[in-house]
Amino acid sequence: YFGEVSLFIPHQTSNTVVGINFTGDAFKKTIEYVPSLLQNFSNTTFGAFAQHTIHLQNSTTIDLGIRNDYHTTYGNKLLPRVALFHRFNQHWATRAGIGFGYKTPNVLAPQNIDYALNKITPIDNTVIAEKSIGYNAEINYKKVWSEETELFINCAFFLTRIKDPIIASQLSSGYVSFYNASKPLTTKGFDVYIQGKIDDVEVYLGYTYTSALRKYLSDNQFAPLTPKHRFATTIVKEFEPHWRIGIEASYNGKQHRYDGTLTSGYLFMAAMIERKFGNHLSVVLNGENLLDYRQSKVEAINIGTTANPNFQPLWAPIDGRVINVSVKYKW
């Protein structure tokens, strides 16, 4: 359940947002349910927040934010945040920010591995909420030669540090418990995005470098199923007045499995073609995973039996080629 009330207060050179909210969930066992070690529990959080945005000389924007959450089990969490945007001229701009966050323990939170519910043990009283701090900075460049020719480049850097990360541990008996790691989990990297337009052709190029490390491990600290290198590109061409064609491709680099071994990198390709009929009707033919790359072609996804399945974590598509046709009508 969720509810929120907020108030927007505009000023001449700034604006303010204040509000309150509540969120929660509840787990309740029933007689019919499979035997489970979990007992009935609930999570309820009451929050209050405020953000003040200041505009200076139409070139600089400062965001100051603060939030306080009260969790009925894990107490108060104060979360300040600040962000700055500055435009040097019509071509160059920069943005930077820092913010704090948290995550309370929850045995039903999604995990990379799907654990059987009847094997999950209750959260111990010694487990505390994990806390995070995140930094980001980026620089933008935009050049417009004409209405049909322009270039936009964005380069962003990010760093996140999670203290007391909540880790799921599966024993040889199959039971799963949660604990706080003694050292943090850190993620850092950068992202480069380039968008260009020349006449009726649009091109998008992107590259993301991510280094995610589990500092609480002595070896194989790489976060599982997180590619260090990722590329993406899209090319769209319009043939006025009726046709539009697009090709998309992305490459995911090698990823570490939970046992430390590496997956293979793979290329994913998609394409679409659109035919317009007047100003209202269009038909789109779309194809995904044209190279038919599937994890099942590399390794078995179910390493158990039909009666007692044991599924591998997914790191690649499991569907083959997907072709679909859509009809769009604009009133």
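**Charges, strands and a buried asparagine**

The protein carries 32 positive and 27 negative side chains, and the centres of these two sets lie 5 Å apart. The structure described here is a predicted model. Its secondary structure consists of 17 strands and zero helices. Along the principal axes, the C-alpha trace spans about 65 × 55 × 45 Å.

The surface and the interior may be considered next. The accessible surface of the protein comes to about 20,700 Å², and carbon and sulfur atoms contribute 59% of that area. Of the 331 residues, 30% are buried. Among contacts with a separation of 6 or more, 52% are accounted for by residues 24 or more positions apart.

One part of the strand arrangement can be followed from strand S7, which covers residues 130–146. S7 pairs with S8 in the antiparallel sense over 15 bridges, and the two strands form a hairpin with two residues between them. Within this pairing, Tyr-141 stands opposite Ile-153 in S8. Strand S8 comprises residues 149–163. S8 is also joined to strand S11, residues 185–198, by 14 bridges, and these two strands run antiparallel. Here Cys-155 stands opposite Val-192 in S11. S8 is thus paired both with S7 and with S11.

Asn-154 is found in S8. Is this residue buried or exposed? Asn-154 has a relative accessible area of 11%, and because this value is under the 20% limit, the residue counts as buried. Leaving aside residues up to four places away in sequence, Asn-154 touches Glu-138, Ile-139, Asn-140, Asp-191, Val-192 and Tyr-193. Glu-138, Ile-139 and Asn-140 belong to the range of S7, whereas Asp-191, Val-192 and Tyr-193 fall within that of S11. The side chain of Asn-154 is further joined to the side chain of Asn-140 by a polar contact of 2.4 Å. In a regular strand, side chains alternate between the two faces of the sheet.

A further hairpin involves strands S9 and S10. Strand S9 covers residues 166–170 and strand S10 covers residues 176–180; five bridges join them, and they run antiparallel. Ile-167 stands opposite Tyr-179 in S10. Which residue in this hairpin takes a positive phi? Five residues lie between the strands, and Gly-174 adopts a positive phi near 100° in this hairpin. The hairpin of S7 and S8, by comparison, has two residues between its strands.

Key:
Residues numbered from 1 in each chain as written. Predicted model: local features only at pLDDT ≥ 70, side-chain atom pairs only at ≥ 80, totals over all residues. Heavy atoms only, no water. Helix = DSSP H or I, 4+ residues; strand = E, 2+ residues; numbered from the N terminus. Buried < 20%, exposed > 50% of the residue type's maximum accessible area, 1.4 Å probe, protein only. Contact = heavy atoms within 4.5 Å. Areas by Shrake-Rupley, 256 points an atom, 1.4 Å probe, with all protein chains shown as cover. Lys, Arg positive; Asp, Glu negative; His and termini not counted. Charge placed at Lys NZ, Arg CZ, Asp CG, Glu CD. Polar contact = N/O pair within 3.5 Å; in protein donor to acceptor, adjacent residues only side chain to side chain. Pairing = 2+ DSSP bridges.
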